[in-house]
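Welcome! Here is a short tour for anyone meeting this structure for the first time. Please take a moment to look it over before reading on.

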Amino acid sequence: MTMQLASTEIASRTAAIVQEMKGLEGPLLPILHGIQEEFGHVPQEALPVIADGLNLSRAEVHGVVTFYHDFRARPAGRHVLKLCQAEACQSMGSDAVAAKIKQLLGIGFHETTRDGSVTLEPVYCLGLCACSPSAMLDGEVIGRLDDEKIEEIVAELRS
Ligand code: FES
């Protein structure tokens with residue numbers, strides 16, 4: 001019953017967002033961003049509403065959601081840690097940073113820890129290349145990640 005209500009709620013809030021933005025040129029991405037802002041992710045229940053509103057197939061909408069890594073299919077954890085995986089950070093060891101953080105948290109990219117405390121995501125350049133390897137924790141950028149900083153971040157995420 002609660003699920004049913006939640007689905008109806010998602011559908012009506014999604015319909016309002018679609019209605020508001022469908023007149024834009026290339027409305028699908030702004031609509032998806034609006035929906036992610038509203039719900040923290042893009043719920044499955046929103047897809048048919050968007051498809052109907054824009055005259056697209058559900059497969060087309062689903063394809064766009066899965067193509068862009070920005071969109072989450074599930075709710076995020078309490079914290080969102082984004083690790084830069086673009087070129088400048090790669091050259092400064094972002095792979096090793098990511099491997100260490102994945103190991104400490106026990107999750108991979110696009111996953112959330114079981115306790116719901118953190119979601120780990122890749123990001124492609126945070127404009128902080130001079131201080132690479134870089135990350136963003138809950139919207140705040142962090143540069144020059146080294147072992148010490150990684151341990152501090154993970155301890156903070158767990159507290
Ligand atoms: S490449 Fe990582 S911040 Fe630019």
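What follows goes from the overall layout to one charged patch on the surface.

Please keep in mind that this is a predicted model. The protein has 159 residues, and 40% of them count as buried. Its C-alpha trace spans about 50 × 35 × 25 Å along the principal axes.

As for secondary structure, you will find seven helices and five strands. If you walk along the sequence, these elements come in the pattern α-α-α-α-β-α-α-β-β-β-β-α.

The protein is also divided into two domains, listed here with their bounds.

| Domain | Residues |
|---|---|
| Domain 1 | residues 1-67 |
| Domain 2 | residues 79-158 |

Between the centres of domain 1 and domain 2, taken over C-alpha atoms, there is a separation of 29 Å.

Now let us turn to the surface. Asp138, Glu140, Asp146, Glu148, Glu152 and Glu156 together form a negative surface patch. Which helix gives the most to the negative patch? That is helix α7, covering residues 147-158, which supplies three residues.

Glu148 makes a good place to pause, as one of the residues forming the patch. Its place is in helix α7. Is Glu148 buried or exposed? Glu148 counts as exposed because its relative accessibility is 58%, and exposed means over 50%.

To find the patch in the view, start from helix α7 at residues 147-158, then look for Asp138, Glu140 and Asp146, which are among the other members of the patch.

Methods: Residues numbered from 1 in each chain as written. Predicted model: local features only at pLDDT ≥ 70, side-chain atom pairs only at ≥ 80, totals over all residues. Heavy atoms only, no water. Domains from an automatic or database assignment. Patch = residues over 30% accessible without salt bridge, like charges linked within 9 Å, V, L, I, M, F, W, Y side chains within 5 Å. Areas by Shrake-Rupley, 256 points an atom, 1.4 Å probe, with all protein chains shown as cover. Salt bridge = Lys/Arg side-chain N within 4 Å of Asp/Glu carboxyl O. Lys, Arg positive; Asp, Glu negative; His and termini not counted. Charge placed at Lys NZ, Arg CZ, Asp CG, Glu CD. Helix = DSSP H or I, 4+ residues; strand = E, 2+ residues; numbered from the N terminus. Buried < 20%, exposed > 50% of the residue type's maximum accessible area, 1.4 Å probe, protein only.
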